[in-house]
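Me: Please take a close look at a single part of this structure, and set it in the context of the whole chain. I would like one connected account, with the cut-offs spelled out.

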Amino acid sequence: MNILSFLARLRGLILSFLACTLLMPWQVQAEALRVVQGNNSIEIYAKGLLRLALSKVPGSYELNESIPNTSEERMVSMLIDKKLDVVWYATTNDLEERLQPIRICIYRGLLGYRVLMIKTGTQNKFDGIENLEDLKRVSLGQGRFWADTNVLTANGLNVVKVLKYEGLFYMLDGGRFDAFPRGAHEPWSEMQRYPKLALDVEQNLLLSYTNPFYFFVNKSNTKLAADIERGLRIAIEDGSFNEYFLNDPTVKDVMAKANLKNRTLIRLENPGLPPKTPVDDKSLWFDPYSL
């Protein structure tokens with residue numbers, strides 16, 4: 001083989017190698033995001049939505065569910081100390097000061113809708129209530145230290161504050177107050193846990209206040225925050241966010257049982273709502289009357 005033939009063959013081999021290299025998919029190492037373990041309905045929903053959002057952006061992420069679930073304050077401290085990458089909570093001014101919120105409500109505002117659990121046979125107390133002033137005629141049971149309690153009292157409602165969550169069901173059954181406001185997804189499963197108590201769901205009213213539930217990351221993790229927000233906005237635009245939301249088992253259960261769009265809506269002000277909440281962006285919020 002002369003030198004020209006050798007060079008020509010070598011050139012062909014190099015070109016073939018380069019062509020094969022360019023056609024081979026590059027194996028990009030996925031970035032692991034540390035999130036909590038847990039399989040309750042909110043944890044399953046939040047992690048599924050996070051995966052959906054991150055699938056919409058360039059790069060590769062995977063969830064590392066290696067962190068045992070614990071108290072909110074402990075989880076927030078771990079996020080600040082960079083021992084955790086993403087959490088999800090109902091927002092507060094304190095959380096938005098300490099963490100970086102992605103201000104797109106993951107439940108589209110559904111957790112801000114409340115129906116009333118009542119004692120069986122007392123529906124007549126609520127018939128004819130049409131507005132906030134009418135609602136002040138009845139008493140409402142709530143946890144002493146719950147954020148909801150602050151909202152109800154700030155709106156001038158008659159609130160009976162109770163220390164223990166379990167006690168609220170027995171006190172309602174005993175007639176100590178008239179109603180127990182619950183998230184629209186909560187009362188049916190709760191009533192199943194207390195089958196010996198005479199509890200029911202009020203038929204006509206729907207309370208509402210803005211109660212955003214966000215993903216949060218460490219304040220220094222600006223890239224991850226931007227990727228999550230971009231992915232969520234793409235999912236909103238292409239319809240996959242709404243499809244995911246409406247097909248969640250908890251949300252489907254609400255739609256089937258709560259009859260939201262046929263209830264009388266009473267809006268409440270939330271005095272603790274952080275000022276940067278995007279309340280005017282209608283694309284971010286669920287409207288039960290549009291169903």
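**Helix H11 and its setting**

Reply: Among contacts (heavy atoms within 4.5 Å) in the protein between residues at least 6 apart in sequence, 76% join residues at least 24 apart. This is a predicted model, in which local features need pLDDT of at least 70 and side-chain atom pairs count only at pLDDT 80 or more, while totals for chains, interfaces and linings use all residues. Residues are numbered from 1 along each chain as its sequence is written, and side-chain values use heavy atoms, with hydrogens and water left out. The mean pLDDT (the predictor's confidence in each residue, from 0 to 100) is 90, and 90% of the residues reach 70 or more. Residues 18-27 stay under 50, and the model gives them one contact beyond four places in sequence. Where pLDDT is low, the predicted coordinates should not be read in detail.

The protein has eleven helices and twelve strands, which are DSSP runs numbered from the N terminus (helices H or I, at least four residues; strands E, at least two). Its radius of gyration, taken over C-alpha atoms, is 26 Å, well over the 19 Å that the globule rule gives for 291 residues, so the protein is more spread out than a compact globule; the rule is 2.2 Å times the number of residues to the power 0.38. Along the principal axes, the C-alpha atoms fill a box of roughly 105 × 40 × 40 Å. Of the 291 residues, 44% are buried, where buried means under 20% relative accessible area, exposed over 50% and partly exposed in between (1.4 Å probe, protein chains only).

The part to look at closely is helix H11, residues 249-257, in which Thr250, Val251 and Val254 are buried. Seen down the axis of H11, these buried residues fall within an arc of 100 degrees, so they line one face of the helix; the arc is that of the directions from the helix axis to the C-beta atoms. An α-helix has 3.6 residues a turn, so residues three or four places apart point the same way. The buried residues of H11 pack against helix H2 (41-54) and helix H10 (240-246), whereas the face turned away from that buried side carries the exposed residues Pro249 and Ala256. At the start of H11, a side-chain oxygen of Asp248 reaches to within 3.1 Å of the backbone nitrogen of Thr250, and just after the helix Asn259 takes a positive phi of about 55 degrees.

Positive phi values also occur elsewhere in the chain, at Lys82 (near 65 degrees) and at Arg108 (about 55 degrees). Most residues other than glycine have a negative phi, and most peptide bonds are trans. Lys82 lies in the loop between helix H3 (72-80) and strand S3 (87-90) and, at 51% relative accessibility, counts as exposed. Arg108 sits in the loop between strand S4 (100-102) and S5 and, at 13%, counts as buried.

Further along the chain from H11, Asp281 is placed in the segment after strand S12 (264-267). Asp281 is partly exposed, with a relative accessible area of 27%, and its side chain makes a polar contact with the side chain of Ser283 (2.6 Å); such a contact is a pair of N or O atoms within 3.5 Å, and within protein one must be able to donate a hydrogen and the other to accept it, residues adjacent in sequence counting only if both atoms are side-chain atoms.
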